[in-house]
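Here are some friendly notes to read alongside the structure. Keep the 3D view open and look up each residue as it comes up.

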Amino acid sequence: MQMGPDGSLEQVLKKIEELWDEEVAFLQDIGRYPSTLGNEGAVQEFIASYFENNLEIETDKFVPDIDKISMLDGFSHVEWSYQDRPVVVGRWRNQGPQIGKSLILQGHIDVVSPEPLSFWKYDPWGSTIVGNKMYGRGIQDMKSGIAAMVFALKAIKELGLNPGADILMKTVIEEECTGNGTLAAIDRGYVADGALIPEPFGLTALQAQVGVIWVRVKVKGAGAHVERADRAVNAIEKAYVLINALAEYRQHINSRLKPFNFTKHAHPLNVNVGVIKSGDWPSNVPAECTFEARIGFYPGTDYREIQNEVKDWLMAAAKNDQWLREVEPEISFYGFEAEGVSLDNNIDLFKVLEQAHQQTTGTDLKYISTTCTTDIRHYNLYYGIPATCYGPVGGNMHGADEWVDLDSVKKVTQTYAAFILKWCGVNRS
Ligand SMILES: [Zn+2]
């Protein structure tokens, strides 16, 4: 028997309530794995086993093949291995007649470093609950979203309903540095008619995001003991010439005309020096200094154009410095080579999300543009698959005492369930 979408929503929402303690416990479990870059393997094992044994859906666990994906649009260059760092994909296969559209639900399992640990009041890997908040690194960004998408599917499944089209659930690696986990899963054939990613944007739909590149700049000085410092060239001081040039670049790009989706942001394009390495002794003049920065840019621009612009900007600054003119800095790129996205909100994916959000919250869906990047870009830009983010409310993302609002996690679970009913349709099994 085919179910009308509205007929079963009430049942599903009730089921989500019943499963709520289990959902919170699941979130605590995955939150306790320190799944920073390179350390995603253990939690991916846990999730693959959960998909297979608890949800009983077809499960694939595979390590990205870098040689294969490096040929694809959307690939970002890396300097590390993918060994023991699998991507997990579960497929809940449509059993009856296909009555709806297929769907990807996706979350990234990688989290950024919790350092410095001394800034935390709560254990970053403790999944501590206080009142209505759960604390921990990655709890907001974005393990809570993963819990929500898993339990939206679980609630529907436990009622004996079947989706009217396939649902793929992916937990990917490397959203925080390359997006290559997502690319590898798409390349393996895991595509669908639409994709939702529960990034924690506070129950809003993501309509646009900036592009992001990482740059590395290596500056050489002429080292010596400090007593002969007048004859030495301090690499840290020379690096500052270029760091200051990047600050000017930031002003320059933010003074340009803002595209439509970013007019409300005072400062849409962030340039952040995130790493600086040099020196090993206060009384030595450092011979080398390397710094790395993250640079934002607007949708519609090829990332290579921005890489060239940044390189030219830094080399122009170097030309104005007597030392750097002779001993040129080495400028290279790794990590994010991520282009921006700007979506038309008059598409089915958003219409269905608007309805689902309205059904579960009683409010109109709001749209946002973000000054960071997410994995929706691969789907939208290179594979023609409409994709957006809609996820919970939280705070201190990437900072100390990151938290998620648990009520909002339940809301996201409900909205995803309502979305599935409408987008995929359901059949009784
Ligand atoms: Zn995220």
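**Notes on the model**

1. Let us start in a loop. Leu203 is found in the loop between strand 9 and strand 10. Please keep in mind that the model is predicted. The phi angle of Leu203 is near 60°, which is a positive value in a residue other than glycine. Is Leu203 buried or exposed? Its relative accessible area is 17%, and buried means under 20%, so Leu203 counts as buried.

2. A second residue makes a good companion to that one. His398 also has a positive phi, of about 70°, although it is not a glycine. Look for His398 in the loop between strand 20 (394-395) and strand 21 (403-405). With 39% relative accessibility, His398 is classed as partly exposed.

3. Now go to the metal. Which residues are the protein donors of the zinc ion? They are His108 (through NE2), Asp141 (OD) and Glu199 (OE), and they lie 1.9 to 2.1 Å from the ion. Along the sequence, the spacing of these donor residues reads H-x32-D-x57-E. His108 belongs to strand 4 (residues 103-108), while Glu199 sits in the loop between strand 9 (195-197) and strand 10 (205-209), so this pair ties together parts that are 91 residues apart in sequence. Both His108 and Glu199 are buried.

4. Next, check two peptide bonds. The bond from Asp141 to Met142 is cis, with omega near -5°, and Met142 is placed in helix 5. Asp141 is also one of the zinc donors, as noted above. Another cis peptide bond joins Glu115 and Pro116, where omega is about -5°. Pro116 has its place in the loop between strand 4 and strand 5 (128-130).

5. What about the nonpolar interior? The largest nonpolar core has 88 residues, and those with the most contacts inside it are Leu105, Val150, Ile156, Met169 and Phe419. Helix 5 (residues 139-158) gives the most to this core, contributing 12 residues. Apart from this core lies another one, of 39 residues, including Val219, Phe291, Phe297 and Phe336.

6. Phe419 deserves a closer look. Leaving out residues up to four places away in sequence, Phe419 touches Leu103, Leu196, Leu349, Val352, Leu353, Ala356 and Cys424. Try showing these side chains together in your viewer.

7. Here is a sheet to trace strand by strand. It is an open sheet of 4 strands in the order 13-15-11-16, with antiparallel pairing. Strand 13 (271-278) and strand 16 (330-338) stand at the edges with a single partner strand each, so one side of each is left without a neighbour in the sheet. From one strand to the next, the twist averages 15°. Strand 11 (residues 211-220) and strand 16 run antiparallel and are joined by 6 bridges. Within this part of the sheet, Val212 stands opposite Ala338 in strand 16. Helix 7 (residues 235-254) packs on the sheet, where it touches strand 11, strand 13 and strand 15 (288-297), and its direction makes about 10° with that of strand 15.

8. Finally, step back to the whole chain. The domain assignment gives domain 1 (2-209 + 341-428) and domain 2 (211-338). How far apart do the C-alpha centres of domain 1 and domain 2 lie? These centres are 34 Å apart. The contact takes 20 residues from domain 1 and 16 residues from domain 2.

Notes: Residues numbered from 1 in each chain as written. Predicted model: local features only at pLDDT ≥ 70, side-chain atom pairs only at ≥ 80, totals over all residues. Heavy atoms only, no water. Core = buried A, V, L, I, M, F, W, Y, C linked by side-chain atoms within 4.5 Å. Buried < 20%, exposed > 50% of the residue type's maximum accessible area, 1.4 Å probe, protein only. Helix = DSSP H or I, 4+ residues; strand = E, 2+ residues; numbered from the N terminus. Contact = heavy atoms within 4.5 Å. Pairing = 2+ DSSP bridges. Axes fitted to C-alpha atoms, helices over the stretch in contact; angles between N-to-C directions. Donors = N, O, S within 2.8 Å, 3.2 Å for Na, K, Ca; no water. Domains from an automatic or database assignment.
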